[in-house]
Structures are given as structure tokens and as C-alpha cells.
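Work through the following exercises with the sequence and the coordinates open beside you. Each task is followed by a solution that proceeds step by step.

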Amino acid sequence: MPDSLPVHLNRTDIHSLEVPNEFDATGSFDVRLVNHGEALHVHLHLDDSLSSVASLDATNHHVRTETDRLVRVTVDGDGPVRGKLKVVTGYGAETRYIDIYIPEGGTENEPVIVDDELSKPQPKPAAESESSLEDLSAGPILAAGGFTVLVAGLITLVLTESVLLTVVAVLAVAIVIGLLSIAVRSS
């Protein structure tokens with residue numbers, strides 16, 4: 001379970017803030033905004049040193065009446081770093097600073113949360129799983145066939161010096177290519 005930094009709101013008075021003086025983070029952590037009264041807005045800000053290794057998804061947060069809200073501080077850099085987290089309510093009426101310390105190697109201790117959906121096998125879409133002859137168009141096949149017929153005819157002509165044998169060889173290759181083309185189109 002990740003660390004949690006409690007921030008109490010409206011406990012003693014409207015817009016009141018109660019925060020710890022310091023907080024040691026062993027990695028990413030949640031700021032737990034605990035509202036004991038009426039709804040209010042809370043502004044969070046990381047100083048320059050903290051923002052060099054950590055970030056907030058958003059800085060302004062609405063906390064409903066008597067509810068808790070978690071705000072994630074993601075530590076994605078390496079410490080050691082010491083800085084301040086600024087917490088503001090009442091549009092500046094109340095401001096508190098919390099000293100935050102992130103030790104060296106702070107991101108190494110962070111747990112990896114894996115969604116349950118990732119543990120289930122995912123089916124492969126039929127279109128992507130296998131390529132077949134029907135993915136090919138007839139144009140390239142016929143072009144390759146025509147070139148093959150031409151080469152076969154020239155080789156036969158050179159080797160046999162017989163025009164009749166050359167014509168028979170060319171026709172045989174043309175028939176094979178034609179049958180291949182029909183097979184591709186019908187599947």
C-alpha cells in the first residue's frame with residue numbers, strides 16, 4: 001500500500017488546515033484530503049526541488065462536504081530530494097507548507113499495480129492473426145507470372161532452339177499462373 005499524507009480540512013473552523021510538519025515518501029504517495037465540514041477548493045503546489053522528481057495530475061481540487069479525496073503525487077525521479085508541498089484553502093485564506101523528503105532510490109520501492117484484465121488472455125483478431133493469399137491482389141501475381149513466362153520462354157528458346165517447344169513451355173507456365181489466379185480469387 002502506498003504512503004498517504006493526511007491533510008485535515010474544516011476540522012476547527014471554515015477553511016482551516018491541519019497538516020503534518022514533514023513527510024517522508026518512499027516513492028509515489030497520495031495526499032489524503034479529509035474534509036470535516038462544508039465543501040471547499042484546495043490548491044496543491046510542489047516547489048521547484050520537488051517538482052524536479054515528482055508531479056501532480058492537477059493542482060486544484062474540489063472536496064465535497066464531509067468526504068475524503070485522494071490526490072496522487074507521482075515520484076518519477078530519483079532522490080534524495082527535500083522540498084515543500086504547499087496546501088492552500090479559501091483561495092489563499094489559509095496556507096500551510098509540508099516538508100517532503102524523498103530518499104535516494106525512492107521510486108524503486110513503489111509497487112506495480114496490474115489491472116486484472118491484463119491477466120486474462122486476449123483473443124487475436126482474425127484479420128491480424130494470419131496473412132493469407134486472399135490478402136494479395138491479383139495484379140502483382142499476374143505481373144510476376146508474366147515475367148516468369150517471359151523468362152521461361154527465353155530460356156527454352158536458348159536451350160532448345162525450337163520455337164514449338166518454346167510456345168509449349170510458355171503456355172504451360174501461363175496455365176499454371178491462370179489456375180493460381182483463379183484459386184486466389186475463389187478463396
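**Exercise 1.** In this predicted model, determine which residue takes a positive phi in the hairpin of β9 and β10, and describe how these strands pair.

*Solution.* Begin with the connection, where four residues lie between the two strands of the hairpin. Among the residues of this hairpin, Gly90 takes a positive phi near 60 degrees. Then turn to the strands themselves: β9 and β10 pair in the antiparallel sense, and the pairing extends over nine bridges. As a point of register, Gly83 stands opposite Ile100 in β10.

**Exercise 2.** Place this hairpin in its sheet by stating the strand order, the edge strands and the average twist.

*Solution.* The sheet is open and has five strands, which follow the order β3-β10-β9-β5-β7 with mixed pairing. Its edge strands are β3 (22–24) and β7 (60–63), each of which pairs on one side only. From one strand to the next, the twist averages 25 degrees. To see the parallel part of the mixed pattern, take β3 and β10, which pair in the parallel sense over three bridges; here Phe23 is the residue that stands opposite Ile100 in β10.

**Exercise 3.** Characterise the surroundings of Asp99, giving its place, its exposure and its contacts.

*Solution.* Asp99 belongs to strand β10, and with a relative accessible area of 26% it is partly exposed, a class that lies between the cut-offs of 20% and 50%. Once its neighbours within four places in sequence are left aside, Asp99 is in contact with Asn21, Glu22, Phe23, Gly83 and Lys84. Two of these partners can be described further. The C-alpha atom of Gly83 is separated from that of Asp99 by 5.8 Å, although the two residues are 16 residues apart along the chain. With Lys84, the side chain of Asp99 makes a polar contact of 2.4 Å.

**Exercise 4.** Compare Asn10 and Glu66 in backbone phi, location and accessibility: which is buried and which is exposed?

*Solution.* Start from the general expectation that most residues other than glycine have a negative phi. Against this background, Asn10 has a positive phi of about 55 degrees, while the phi of Glu66 is also positive, near 45 degrees. Next, locate both residues: Asn10 lies in the loop between β1 and β2 (17–18), whereas Glu66 is found in the loop between β7 and β8. Finally, consider accessibility, where Asn10 counts as buried because its relative accessibility is 10%, and Glu66 counts as exposed because its value is 59%.

**Exercise 5.** Describe the largest nonpolar core, name the element with the largest share of it, and list the contacts of Val31.

*Solution.* The largest nonpolar core has 27 residues, and those with the most contacts inside it are Val31, Leu85 and Ile100. Two or more residues are given to this core by each of β1 (3–9), β4 (29–35), β5 (40–46), β6 (54–56), β8 (68–75), β9 (81–89) and β10 (94–102). The largest share, four residues, comes from β5. As the last step, follow Val31, which, apart from its neighbours within four places in sequence, is in contact with Leu5, Val7, Leu44, Arg69, Leu70, Val71, Val73 and Leu85.

Methods. Residues are numbered from 1 along each chain as its sequence is written. This is a predicted model: local features need pLDDT of at least 70, side-chain atom pairs count only at pLDDT 80 or more; totals for chains, interfaces and linings use all residues. Side-chain values use heavy atoms; hydrogens and water are left out. A nonpolar core is a set of buried Ala, Val, Leu, Ile, Met, Phe, Trp, Tyr and Cys residues joined through side-chain atoms within 4.5 Å. Buried means under 20% relative accessible area, exposed over 50%, partly exposed in between (1.4 Å probe, protein chains only). Contact means heavy atoms within 4.5 Å. Two strands pair if DSSP finds at least two bridges between them. Axes are lines fitted to C-alpha atoms, for helices over the stretch in contact, and angles run from 0 to 180 degrees between N-to-C directions. A polar contact is a pair of N or O atoms within 3.5 Å; within protein, one must be able to donate a hydrogen and the other to accept it, and residues adjacent in sequence count only if both atoms are side-chain atoms.
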